[in-house]
Amino acid sequence: MTEAWRPDDEDERRGAAGPVKVRVPAKVNLHLGVGPLRRDGFHELNTIYHAISIYDELTARRGDTLALTMEGEGTGELALDDSNLVIRAAHALAGYAGVLPHARLHLRKQIPLAGGLAGGSADAAAALVACDALWGTGLSRDELAGIAADLGSDVPFLIYGGTALGTGRGEAISPVLARPTSWHWVVAIADAGLSTPAAYRELDRLRDSGAAGAPLGSTDALLGALRQRDPRVLARTLGNDLQDAALTMRPALADTLKAGEAAGALTGIVSGSGRPACFSPPARPTRSGSPPS
Ligand code: C5P
């Protein structure tokens with residue numbers, strides 16, 4: 001869940017004088033059902049997003065210009081200019097709210113880059129929440145999610161966090177009411193990236209040639225498994241329609257999945273697209289007072 005240390009009501013109207021810190025999680029897709037290619041170049045999705053407890057932290061301070069610095073994962077690799085999703089998010093919010101996009105932003109990054117874990121999208125969501133508090137623009141979560149949708153299909157989910165159903169191209173979010181449970185995941189990060197558009201194109205090619213597996217269909221079984229809180233049941237319902245495409249493009253990922261199962265994981269799947277992460281639920285969930293992460 002995206003969490004901000006928000007200023008009090010009075011400050012919220014004026015904007016925060018001091019720094020605003022926002023912590024934002026990575027996500028995996030427990031179910032990624034990909035429908036047909038739409039006229040706008042996106043695929044219709046039916047996905048269950050699930051936030052996991054690997055976090056980036058964005059600090060926003062008042063400034064005379066818009067500037068971004070960073071530390072941690074991807075430092076030196078990630079461009080900090082106008083192409084960065086954090087900067088694009090700040091501009092998008094400022095344009096929407098009619099304020100100057102002035103802030104000093106600092107990103108502490110733990111989410112691996114291009115790891116199928118939506119790290120860039122998470123940072124964009126964090127920038128929207130942090131700048132909203134810093135500038136006192138006072139937008140609702142739904143308004144922020146509307147701006148987020150223009151930045152990327154999975155950015156709106158990171159505004160809400162938790163576990164949620166994503167439809168449309170993935171940007172239409174409905175929270176899933178799951179009982180408080182902690183699931184334990186193992187995430188293995190591949191060492192080189194896959195392009196997201198290329199993974200979708202490869203799936204279309206496999207489908208056109210009849211080589212793709214049957215599409216996943218409804219999320220009902222997965223949602224039922226989340227309610228049962230039994231990882232063996234959940235393991236049987238995890239799925240990703242992009243997995244065939246990812247494995248065709250990067251056959252070595254199959255070895256990673258096999259290694260996970262050989263080490264005792266109940267199952268493993270590729271998360272999202274891009275540089276895929278393989279993940280698996282190896283242990284029983286535990287009761288917890290906090291929302292699923
Ligand atoms: O929205 P996002 O920036 O994540 O999309 C990157 C690319 O991934 C799109 O340009 C498109 O090629 C592909 N995509 C898709 N269908 C979706 C989401 C993404 O085909 N639902």
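**Exercise 1. Describe helix α2: its cap, its length, its buried residues and what covers them.**

Solution. Start at the N-terminal end of α2, which Asn-84 caps: a side-chain oxygen of Asn-84 lies 2.8 Å from the backbone nitrogen of Val-86. This, like every value below, comes from a predicted model.

Next, check the length. Helix α2 covers residues 85-97, 13 residues in total, and at 1.5 Å a residue the expected span is 18 Å. The end C-alpha atoms are 18 Å apart, so the expected and modelled spans agree.

Then go through the burial. Leu-85, Val-86, Ile-87, Ala-89, Ala-90, Leu-93 and Ala-94 of α2 are buried. An α-helix has 3.6 residues a turn, so residues three or four places apart point the same way. The cover over the buried residues of α2 includes the strands β3, β4 (66-72) and β5 (103-109), together with the helices α3 (119-135) and α4 (141-151).

Finish just after α2, where Gly-98 has a positive phi of about 70°.

**Exercise 2. Classify the aromatic pair formed by Tyr-49 and Phe-157, and state where its two rings lie.**

Solution. A pair of aromatic rings is described by the distance of the centres and the angle of the planes. The count for this model is one aromatic pair. Its members are Tyr-49 and Phe-157, with ring centres 4.7 Å apart and planes at 15°. Planes under 30 degrees apart count as stacked, so this pair is stacked.

Now place the two residues. Tyr-49 belongs to strand β3 (residues 43-61) and Phe-157 to helix α5 (residues 155-160), so the pair ties together parts that are 108 residues apart in sequence. Burial means under 20% relative accessible area. Tyr-49 is buried at 2%, and Phe-157 is buried at 0%.

**Exercise 3. Which rings have an arginine over the face, and at what distance from the ring centre?**

Solution. Take the arginines in turn. Arg-23 lies over the face of Tyr-55, 3.8 Å from the ring centre. Arg-169 lies over the face of Phe-42, 5.0 Å from the ring centre. Both Phe-42 and Arg-169 are also among the residues around the ligand.

**Exercise 4. List the residues around the ligand and give the polar contacts of His-43, Ser-153 and Arg-169 with it.**

Solution. The surroundings of the ligand consist of Gly-41, Phe-42, His-43, Leu-45, Gly-152, Ser-153, Arg-169, Thr-196, Pro-197 and Tyr-200. For the polar contacts, begin with the side chains. His-43 places a polar side-chain atom 2.7 Å from a ligand oxygen atom. Ser-153 has a polar side-chain atom 2.6 Å from an oxygen atom of the ligand. Arg-169 uses its backbone: a polar backbone atom there is 3.0 Å from a nitrogen atom of the ligand.

**Exercise 5. Are Ala-199 and Thr-219 buried or exposed, and which residues do they touch?**

Solution. Ala-199 sits in helix α6 (residues 196-208). Its relative accessible area is 1%, so Ala-199 is buried. Setting aside neighbours within four places in sequence, Ala-199 is in contact with Leu-242, Ala-245, Met-249 and Ser-273. The C-alpha atoms of Ala-199 and Gln-243 are 8.8 Å apart, with their positions 44 residues apart along the chain.

Thr-219 is in the loop between α6 and α7 (220-228). At a relative accessible area of 7%, Thr-219 is buried. Not counting residues up to four places away in sequence, Thr-219 touches His-31, Asn-46, Ile-48 and Leu-165.

Conventions
Residues are numbered from 1 along each chain as its sequence is written. This is a predicted model: local features need pLDDT of at least 70, side-chain atom pairs count only at pLDDT 80 or more; totals for chains, interfaces and linings use all residues. Side-chain values use heavy atoms; hydrogens and water are left out. Rings of Phe, Tyr and Trp (its six-membered ring) pair if their centres lie within 6.5 Å; planes under 30 degrees apart count as stacked, over 60 as edge-to-face and the rest as tilted. Helices (H or I, at least four residues) and strands (E, at least two) are DSSP runs, numbered from the N terminus. Buried means under 20% relative accessible area, exposed over 50%, partly exposed in between (1.4 Å probe, protein chains only). A charge sits over a ring if NZ of Lys or CZ of Arg is within 6 Å of the ring centre and within 35 degrees of the ring normal. The expected span of a helix is 1.5 Å times one less than its number of residues. Contact means heavy atoms within 4.5 Å. A polar contact is a pair of N or O atoms within 3.5 Å; within protein, one must be able to donate a hydrogen and the other to accept it, and residues adjacent in sequence count only if both atoms are side-chain atoms. A residue is near a molecule or strand if one of its heavy atoms lies within 4 Å of it.
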